[in-house]
Amino acid sequence: MKIEELHIVGFGKWTDVTFRFSNDFQIIAGPNEAGKTSLKAFIIGVFFGFPRGRRADQQLYEPRSGARYGGRVTIATQKGRFTIERLDRTQSMLTVRSLDSGLTMPDPEKWLQRLFAPLTEKDYCHIFSFDEAELDQVTNLTGDDFEQALLTYAKPQTQQFLSWADQHHQLGQQQFAQGKNGKRPLNMANKAYRALQEKQALASQQEGQYQNLLAKRLELEAMLAQLTDEETKLQEALHDKQSELADWPLYQDVSTKENASKELVVLPDENRRQAIQELEQEKRWLEKKAQEQQEALTSIQQELSDQNQVPPSESVIRDTMASLAAYQSEEERIVQSIAHAGHGFIHGLPQPLNQTEEKLLQKSARLPWTVAFLLLGASLLAALLWPGLEAGLLLVVSLALVGFFWQQKSKKRALLDRFAPLNQAAILAYQDRLRTIYREQSQLSLIDKQRQQALQALKKALLQSGRLDEATLAAWSDDQVQDWVKEELLDGRHTGKTGLNHRLQEALRQQAAIARQKEQLAERLQTQLAPYGLANIDDFYERINQQQKQEQLLVAQRMATKQLGQGRLATFSKLTDTLGQENVANHLQAQLGEYQNKLASLRQSKNQQQQLIADVSAQLTQLVEKGSLTSISQELANFESDLKEDYVHYLAQVLAVDVVKRAFVGKEDSLAHQVFEQAGAYLAQLTEGAYQRILLNDGSINIFDSAGQLFRAIELSSGTRDLLFLAIRLALSTSVHREEPLPLLIDDALVHLDHQRRQAALVLLQELATEQQVLFWTFDEGLLGPSGIRLT
């Protein structure tokens with residue numbers, strides 16, 4: 001027997017919880033108060049009845065949650081799988097149900113008694129269940145008390161088996177004994193059985209007619225079964241044809257989507273798409289900033305236009321100063337950009353590659369050098385073997401080719417040195433950026449020229465307005481002139497419009513900077529879009545929409561294809577090729593009509609056959625009346641079955657006492673010797689061969705070590721005594737031979753053993769679990785494997 005599952009409705013700390021035991025050696029681990037002992041008590045309670053609380057020290061395990069008391073245990077036996085459910089503590093409701101047949105056992109208590117017979121709850125706990133508390137009680141004994149306790153465990157409860165056999169013997173004798181009413185049950189059953197046999201002989205004359213009708217009905221039923229089989233096949237064919245007709249529009253839709261999805265839409269990769277979208281967001285931000293800057297500039301210009309008393313010369317000075325500020329800002333930006341670009345180069349910012357240099361850098365040097373040296377080697381070999389003009393000429397050409405390649409290599413090395421520390425690939429990738437930097441550098445002279453022109457215009461305006469004379473302008477530097485204009489004309493001491501001029505200059509500078517950023521951004525965006533044939537950002541988003549539509553078509557096509565299946569697709573494809581797509585639907589509809597007509601005709605034939613069977617069955621019913629041959633034969637068969645079962649029970653009950661007595665009477669010592677012999681083998685395994693045998697001699701337990709030295713049980717160390725007790729308990733459980741092996745319940749019985757001996761004991765328990773299930777409760781969660789149960 002194996003315990004597969006526990007479901008606790010309510011028992012101690014456990015409420016509405018299920019435990020599944022998947023292993024023959026099942027470990028259940030948890031700390032103290034985790035409910036380990038409660039699980040063991042629940043199993044024994046379901047098997048033998050819950051505690052009723054007659055003793056003051058008895059643990060009742062009332063549910064703490066207030067749930068209903070009890071639960072069920074699922075077991076697997078040699079006769080099948082069963083659930084044993086016991087609910088309520090004092091007036092328990094017991095139910096045993098077969099999981100294989102679904103039937104409920106009529107007398108569950110009797111069923112359990114037969115399952116464990118002849119063991120009572122006390123016997124089961126004595127043989128198949130032990131725990132730490134029991135180990136403490138035994139190992140704390142001294143002297144002969146310890147030895148007598150071990151002997152008690154070694155000798156089975158023989159009297160329990162004999163009492164059980166006597167009880168069943170008495171029940172068997174009552175079957176033929178005369179009761180209070182003067183009747184003997186089995187004798188009366190024999191007389192009734194003979195009477196039925198005589199009655200059967202009188203009804204045998206109707207047998208011929210009955211058999212003919214029965215044969216005719218069997219023939220008709222066979223024909224009906226054939227018609228039913230044909231009907232089933234025709235219904236399946238009809239259903240398939242209806243399914244094909246329903247799926248045909250879907251196939252047409254799949255074909256349409258397949259054609260529409262063939263035009264692939266090429267999109268940039270994910271990194272390129274992200275870069276384009278970031279540039280587009282930056283573009284929108286710059287446009288917004290440009291609009292805001294234009295609005296601010298318009299407002300400043302409007303304020304300045306309202307100042308009608310501003311002299312024209314002063315307006316020219318302010319405009320010229322604004323232009324100078326813009327030129328200076330642009331010069332500074334270009335200079336910083338050039339300085340930043342040349343910062344990483346060893347020899348400063350290099351000149352961009354020309355077309356010849358770029359081609360030279362792109363060429364691979366390995367192949368030319370290989371060809372040159374091969375040609376040189378061939379020419380040397382030819383000069384040695386065949387001296388002459390041709391060999392010399394070939395040698396000269398080879399040397400010239402080597403010299404040319406050496407010159408190319410030197411030029412390439414010079415290029416790499418010019419761009420150091422960049423490698424060849426980085427140099428080629430950096431050329432676009434480098435050309436942009438040199439284009440900006442070429443603009444510096446133009447900007448400087450424009451700045452000088454603006455300075456001359458500023459000085460001319462200062463002379464014309466009388467702000468400064470020629471001597472002062474000649475003595476001052478350009479920076480002194482600009483500083484004086486800023487302090488005297490634009491700081492607000494000479495005019496209330498100086499602040500507006502400063503704001504105007506700053507607005508113009510920012511507007512120019514935003515315009516440059518927009519131009520650069522447009523170039524970067526076009527660089528990203530051009531490889532994919534996209535003119536602008538609108539084309540990019542249109543391409544994304546096209547791809548999304550194409551992906552939706554592909555998803556819809558895959559879903560429809562999966563719904564149809566490969567078989568249906570092949571069928572439709574073949575029909576389309578044969579009939580043409582426009583004729584397939586009519587062809588399927590015509591086939592469907594044919595199947596429907598065949599099915600209607602078949603069902604009509606089936607109804608006629610069923611009517612014939614009903615007529616024959618009515619004639620058989622007239623013969624099969626009470627007292628007819630068939631009725632009597634059935635009654636006789638049932639009676640014979642019951643009578644055989646009663647005889648089997650009688651023989652089993654009467655002979656039980658003889659079988660049990662032959663097995664046990666006078667053999668207690670023999671059984672004890674068997675227990676000690678098996679315990680010796682277990683002790684040798686547990687002590688790794690330190691102790692080899694256990695013998696029972698004149699009521700004393702003798703233990704022999706590997707050297708043959710004899711020890712009494714009390715002479716052993718406390719750890720070895722624990723192993724001795726464990727070996728005898730395990731030997732007892734394996735020596736009681738039963739048709740149905742019972743599970744072994746062990747609750748923290750290894751707690752006093754050291755690590756090495758505990759491991760040896762666990763190995764032994766795993767070996768025993770191959771023959772009978774072992775449920776092992778422990779506080780050591782380190783023993784849990786993948787299928788262990790952890791209690792919290």
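**Exercise 1. Leaving aside its neighbours within four places in sequence, which residues is Glu280 in contact with?**

Before solving, note that this is a predicted model, where local features need pLDDT of at least 70, side-chain atom pairs count only at pLDDT 80 or more, and totals for chains, interfaces and linings use all residues. Residues are numbered from 1 along each chain as its sequence is written, and side-chain values use heavy atoms, with hydrogens and water left out.

*Solution.*
- Step 1: Find Glu280 in helix H9 (residues 270–305); helices (H or I, at least four residues) and strands (E, at least two) are DSSP runs, numbered from the N terminus.
- Step 2: Look for contacts, meaning heavy atoms within 4.5 Å. With those sequence neighbours set aside, Glu280 touches Ile537 and Tyr541.
- Step 3: Check the accessibility. Glu280 has 9% relative accessibility, so it counts as buried (buried is under 20% relative accessible area, exposed over 50%, partly exposed in between, with a 1.4 Å probe and protein chains only).

**Exercise 2. Work out the surroundings of strand S12 (residues 774–778).**

*Solution.*
- Step 1: Sort the side chains by direction. Val774, Phe776 and Thr778 point one way, Leu775 and Trp777 point the other way, and all are buried.
- Step 2: Draw the conclusion. Because 5 of the 5 residues are buried, S12 is largely enclosed by the rest of the structure.
- Step 3: Find the partners; strands pair if DSSP finds at least two bridges between them. Strand S3 (residues 25–29) runs parallel to S12, joined by 5 bridges, and Ile27 has Phe776 as its bridge partner.
- Step 4: Strand S11 (residues 744–747) also pairs with S12 in the parallel sense, over 4 bridges. Here Ile746 stands opposite Phe776.
- Step 5: Follow the chain from S11 through helix H24 (residues 755–768) to S12: this β-α-β crossover is right-handed (with the strands pointing away from the viewer, the path from the first strand over the helix to the second runs clockwise).

**Exercise 3. Describe how helix H23 (residues 718–735) packs with H24.**

*Solution.*
- Step 1: Take the axes, which are lines fitted to C-alpha atoms over the stretch in contact, with angles from 0 to 180 degrees between N-to-C directions. The axes of H23 and H24 come within 12 Å and cross at roughly 5°.
- Step 2: Classify the angle. H23 is therefore roughly parallel to H24 (under 35 degrees; over 145 is roughly antiparallel, 65 to 115 roughly perpendicular and the rest oblique).
- Step 3: Name the contact residues. They include Leu723, Leu726 and Leu730 of H23, and Ala761, Leu764 and Leu765 of H24.
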